[in-house]
Amino acid sequence: MKQEPIRPTDDEARTLARRLLAHMRHASLGSLDPETGAPLVTRIAVQIDGQGAPVALLSGLAAHSRALIADPRAGLLVTDEAASKGDAMTHARLSILVRAEQIATTPEIREAWLARDPKAKVYIDLPDFRFWRLVPQSGLLNGGFGRAFKLAPADMLQG
């Protein structure tokens, strides 16, 4: 009999997914190149908003911004930034299918961003930078060896 590798989603998995999102500073973003349709993976600065959804601050000059404008479907890989020793394949990681949407830069969003990333003050006000909300559609959590879970948006978002 074939054993199912995906475990039933439980509160421990939800807590781990939300912790990974809350502590992330960077993530890998996979978007689709508008000219070729090929996947493009880049590293981006990202934080969460009040609901726990990822928010990125992206330059309009970057290839991933042009890709998201053409097709808002994307993937986000969040890793456990606190885990730096040992085999990386045993560290927790969260892969999220997202839909990207540009959001207005409000004083609240700007100040919240700078509170967590003060060095962004150098570029946050440049005219080509925009905030993007990366709305989770579904997720796959690998909590370490033998701990895989499928997640719905509510499993990743806060309260």
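Select Asp 49 and show its side chain: in this predicted model, that side chain reaches the backbone nitrogen of Gln 51 at 2.9 Å. To place Asp 49 on the fold, look at the loop between β3 and β4. Is Asp 49 buried or exposed? Its relative accessible area is 18%, so it counts as buried, the cut-off being under 20%. Now display what surrounds Asp 49: setting aside residues up to four places away in sequence, it touches Val 55 and Arg 133.

**Stop two: the largest pocket**

Keep Asp 49, Val 55 and Arg 133 on screen, since these three are among the residues that line the largest pocket. To complete the lining, add Gln 47, Ile 48, Gly 50, Ile 103, Ile 109, Ala 112, Trp 113, Arg 116 and Phe 131. The space inside this pocket comes to about 180 Å³. Colour by element next: β3, α3 (107-116) and β7 each give two or more residues to the lining. Which of the elements gives the largest share of the lining? That is α3, with 4 residues. If you switch to colouring by residue class, you will find 7 nonpolar, 2 polar and 3 charged residues in the lining.

**Stop three: along strand β3**

Go to strand β3 and pick Thr 42. With a relative accessibility of 18%, Thr 42 counts as buried. Bring up His 64 as well: the side chains of Thr 42 and His 64 are joined by a polar contact of 2.9 Å. Beyond its neighbours up to four places away in sequence, Thr 42 touches Ala 27, Ser 28 and Leu 29 as well as His 64.

Now step to Val 41, which also lies in strand β3. Buried or exposed, what is Val 41? A relative accessible area of 61% makes Val 41 exposed. Its contacts, leaving aside neighbours within four places in sequence, are Ser 28, Leu 29 and Gly 30. Draw a distance from the C-alpha atom of Val 41 to that of Leu 29: the two residues are 12 apart along the chain, and the separation is 5.4 Å.

**Stop four: the nonpolar cores**

Time to look inside. The largest nonpolar core has 27 residues. For a quick view of it, select Ile 44, Leu 76, Val 78, Leu 94, Leu 134 and Leu 141, the residues with the most contacts inside this core. Many elements take part: two or more residues come from each of α1 (11-23), β2 (26-32), β3 (39-48), β4 (54-59), β5 (73-79), β6 (93-103), β7 (129-142) and β8 (148-151). Helix α1 gives the largest share of this core, 5 residues.

Centre the view on Leu 76 and show its surroundings. Which residues is Leu 76 in contact with, leaving aside its neighbours within four places in sequence? They are Ala 27, Ser 28, Leu 29, Ile 44, Pro 54, Leu 94, Ser 95, Ile 96, Val 98 and Leu 134. Another core, of 9 residues, lies apart from the largest one. To find this second core, select Leu 57, Trp 113, Leu 114 and Phe 131, which are among its members. Two of these names may be familiar from stop two, as Trp 113 and Phe 131 also line the largest pocket.

**Stop five: the loop before β6**

Move on to Ala 92, in the loop between β5 and β6. Ala 92 is buried, with a relative accessible area of 9%. Show the residues it touches, not counting those up to four places away in sequence: Leu 16, Leu 20, Thr 79, Asp 80, Asn 142 and Gly 143. For a distance to draw here, try Ala 92 to Leu 77: they are 15 residues apart along the chain, with 11 Å between their C-alpha atoms.

**Last stop: the segment before β1**

Finish at Pro 5, in the segment before β1 (6-7). Pro 5 is exposed, with a relative accessible area of 55%. How far apart in space are Pro 5 and Gly 144? Although 139 residues separate them in sequence, the distance from C-alpha to C-alpha is 12 Å.

How values were computed. Residues are numbered from 1 along each chain as its sequence is written. This is a predicted model: local features need pLDDT of at least 70, side-chain atom pairs count only at pLDDT 80 or more; totals for chains, interfaces and linings use all residues. Side-chain values use heavy atoms; hydrogens and water are left out. A nonpolar core is a set of buried Ala, Val, Leu, Ile, Met, Phe, Trp, Tyr and Cys residues joined through side-chain atoms within 4.5 Å. Buried means under 20% relative accessible area, exposed over 50%, partly exposed in between (1.4 Å probe, protein chains only). Contact means heavy atoms within 4.5 Å. A polar contact is a pair of N or O atoms within 3.5 Å; within protein, one must be able to donate a hydrogen and the other to accept it, and residues adjacent in sequence count only if both atoms are side-chain atoms. On a 1 Å grid over the protein atoms alone, a cavity is a set of points where a 1.4 Å probe fits but cannot get out, and a pocket is an open set with protein on both sides within 12 Å along at least five of seven lines; lining residues have an atom within 4 Å of a point. Grid points are joined across faces, edges and corners, and a volume is the space filled by probe spheres set on the points. Ala, Val, Leu, Ile, Met, Phe, Trp, Tyr, Cys and Pro count as nonpolar, Asp, Glu, Lys and Arg as charged, and the others, Gly among them, as polar.
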